[in-house]
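The exercises below are to be worked with the sequence and the model side by side. Each task is followed by a solution that proceeds step by step.

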Amino acid sequence: MSTTTQQRHADVVDAVLGMAPDAVAYVPSNSIAGIINGLTEHAASGTRIFPVSREEEAVGIIGALPLAGKFGAIVMQDNGFGNALTALTTFAGSYHLPLLILANTRGGLGEYNSMIHSISAPVPDMLKSANIPVFQLDRRNPPRDWRATVTEAGKHARMTYRPVVVLMEFFDFDDEESRA
């Protein structure tokens, strides 16, 4: 049986792999393990999927791909933008490097970690003030929106030659898995 969260994870995986990226870097997280596992299990032989230890490391590696005519994506949590912001603005943004960043949000409904709110709540405004496009998905979006938004965000990154972020809130009142 597939839960709503599992379906959303699968839609994100399908959208990312449908773009045929050359590489996907991820910062390991239990909250998005379904996406990470789906990417590693279903990646085509031409797509490299690998973990990195920090978000700015991912921006450095994936951001360099366009310099070689390639494209990549990053999977991370939104609280990691505190680490990645300098790399995003001084490297990827300044050199017009397209990359897609998929970040699950923290600090919303169902969040158990009281410390995470202070960094996660301002992330959308912080990214917008850094001139980084942000698209958001949550429980109000039907499954087809998740796949379509991720796909279009990837196209937008390539078309505009800059980093593009999709913030994904997996909390759902009807799905206990989303609260883990």
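A residue counts as buried when its relative accessible area is under 20%. The model used throughout is a predicted one.

**Exercise 1.** Determine what share of the chain is buried, and how the chain's radius of gyration stands against the globule rule.

*Solution.* Begin with burial: of the 180 residues, 46% count as buried. Next, take the order of elements, which reads α-β-α-β-α-β-α-β-α-α-β-α-β along the sequence, with 7 helices and 6 strands in the chain. Finally, the radius of gyration is 15 Å, close to the 16 Å given by the globule rule for 180 residues, so the chain is as compact as a globular protein of that length.

**Exercise 2.** Establish how strands β1 and β2 are joined, and which unit they make with helix α2.

*Solution.* First, compare the directions of β1 (residues 23-26) and β2 (residues 48-51): the two strands run parallel and are joined by 4 bridges. Then locate one partner in β2, where R48 is the bridge partner of A23. Lastly, add helix α2 (residues 33-42), which together with β1 and β2 makes a right-handed β-α-β unit.

**Exercise 3.** Describe the largest nonpolar core and the surroundings of V75.

*Solution.* The largest nonpolar core has 27 residues, and V75 is among those with the most contacts inside it, as are I35, L39 and L102. Its largest share, 5 residues, comes from α1. Turning to V75 and leaving aside neighbours within four places in sequence, one finds contacts with residues including V24, I35, L39 and L102. Apart from this core lies another, of 26 residues, among them V27, F50, L65 and I74.

Conventions. Residues numbered from 1 in each chain as written. Predicted model: local features only at pLDDT ≥ 70, side-chain atom pairs only at ≥ 80, totals over all residues. Heavy atoms only, no water. Pairing = 2+ DSSP bridges. Right-handed = clockwise from strand over helix to strand, strands pointing away. Core = buried A, V, L, I, M, F, W, Y, C linked by side-chain atoms within 4.5 Å. Buried < 20%, exposed > 50% of the residue type's maximum accessible area, 1.4 Å probe, protein only. Contact = heavy atoms within 4.5 Å. Rg over C-alpha atoms; globule rule 2.2 N^0.38 Å.
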